[in-house]
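Visitor: Show me the model first, please, and then walk me through it.

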Amino acid sequence: MNKEPEHSFVELLEKHQNIIHKVCRLYTNNYDAHNDLFQEITIQLWKAYPKFRGDSKFSTWMYRVGLNTAITLYRKSKRTIATQGFDGVEFKMKAETYDDTEEQQLKTMYNALHQLNDIDKALVFLYLEDKDYSEISETMGISEVNARVKMNRIKTKLKTILNP
Amino acid sequence: MDELELLKKDWNKQSEHKKLSAKEIYPMLHKKSSSIVKMLFYISIGELVLWILINCIPYTFSDAYKQRIESIYSNNYLFAALTVFGYGIILLFIYLLFKSHKAISVTDNAKKLMESILRTRKIVKYYVIYNLVMAFISMAVGSYFFIFHSPELSDSISHLNNKQLIIMFGITLGITAVFVFAIWLFYKLIYGWLLKRLNRNYKELQKLED
């Protein structure tokens, strides 16, 4: 068997692995589940690799496959706690106790991020990764306008959490 | 300040998960996937095989059944046509199923990927419905012929009054309903378990486009 593609794939993956780790961190909440999802994304990337054409950046391609695996293909193991819907009440209670330090604020933000639904998480993830709305809309399969509207709603949600 | 901007600043500074070496990544490529597409593929193959077996086994292994069927279909052309039709439908489903499985691509956008998975699931669903309908028709036709080809039975039925006939009809209908309900529940559970998350996320995406 030709080892060449395998070698180049592993090299690319090793270099860009942080993208997958970030997806895993967002969609799982413990070490084992993180590794499970990482494994599944790697398999999906490798399976799709023959179709990968150099015309798109490997990292761009990884975002799509990574998110698709996390949102759609991955069957959550029992070790992963299911995503809960956004619960504003809970955050208000948490926010009451927060002091104004940036660190605390970030902690609350990460907490909130973890409780968004799968789709909202994906949008925020792409936003945090500095993707523009056209790329967000292409990755998710929604219109650019709707991606923008949704992002604004999520921002408002997060604002409410921090400034109840 | 925009809260997300604050998060953005911090996002890339996050402590990295233990970086994997190439040596650790290699074995991962050859591990088995546990994705829902793979599960769906196995379930659909199981579905195809199961219904083919249900249709074929009694005919292949029981001579009495074979004779009975052949006596019912005294018209050989009709029997041959029905058999060809049955296999044709199965082949059509196999073709559609493989085609839709092949169309599932992890590199599509999120919505399209979900849609192609749901389309595949729909084909399996139609296949099952087709088989249930066929099973129902065969049962109805079968019992009709069974009754009218067996003198004792048709004799005893002719003695039943209307009320008794209705009761008999009701019982048959009830048994059929329970049977169909059990199968429906079985599918609901299997696919519900498999596609719960996908359905939820797909609805969420659809909501965005409303």
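**Helices in contact**

Visitor: Which residues in H3(A) does H2(A) meet?
Guide: Helices here are DSSP runs of H or I with at least four residues, strands are E runs of at least two, and both are numbered from the N terminus. Contact means heavy atoms within 4.5 Å. From H2(A) come Leu37(A), Glu40(A), Ile41(A), Gln44(A), Leu45(A) and Ala48(A), and they meet Trp61(A), Met62(A), Val65(A), Gly66(A), Thr69(A), Ala70(A) and Leu73(A).

Visitor: How many residues of that contact are charged?
Guide: Asp, Glu, Lys and Arg count as charged; Ala, Val, Leu, Ile, Met, Phe, Trp, Tyr, Cys and Pro as nonpolar; the others, Gly among them, as polar. In the contact of H2(A) with H3(A), nine are nonpolar and three polar, and the charged ones number one.

Visitor: What can I trust, and what pLDDT does helix H4 of chain B average?
Guide: This is a predicted model, where local features need pLDDT of at least 70 and side-chain atom pairs need 80 or more, while totals for chains, interfaces and linings use all residues. Residues count from 1 along each chain, chains are lettered from A and ligands numbered from 1 as written, and side-chain values use heavy atoms, leaving out hydrogens and water. pLDDT is the predictor's confidence in each residue, from 0 to 100. Among chain B's elements, H2 (residues 22–29) has the highest mean, 91, and H4 (residues 63–72) the lowest, 69.

Visitor: What is the mean pLDDT of chain B?
Guide: In chain B, 91% of residues reach 70 or more. The chain's mean is 83.

Visitor: What ipTM does the complex get?
Guide: The predictor gives two scores for the complex. Its pTM is 0.82, and its ipTM is 0.82.
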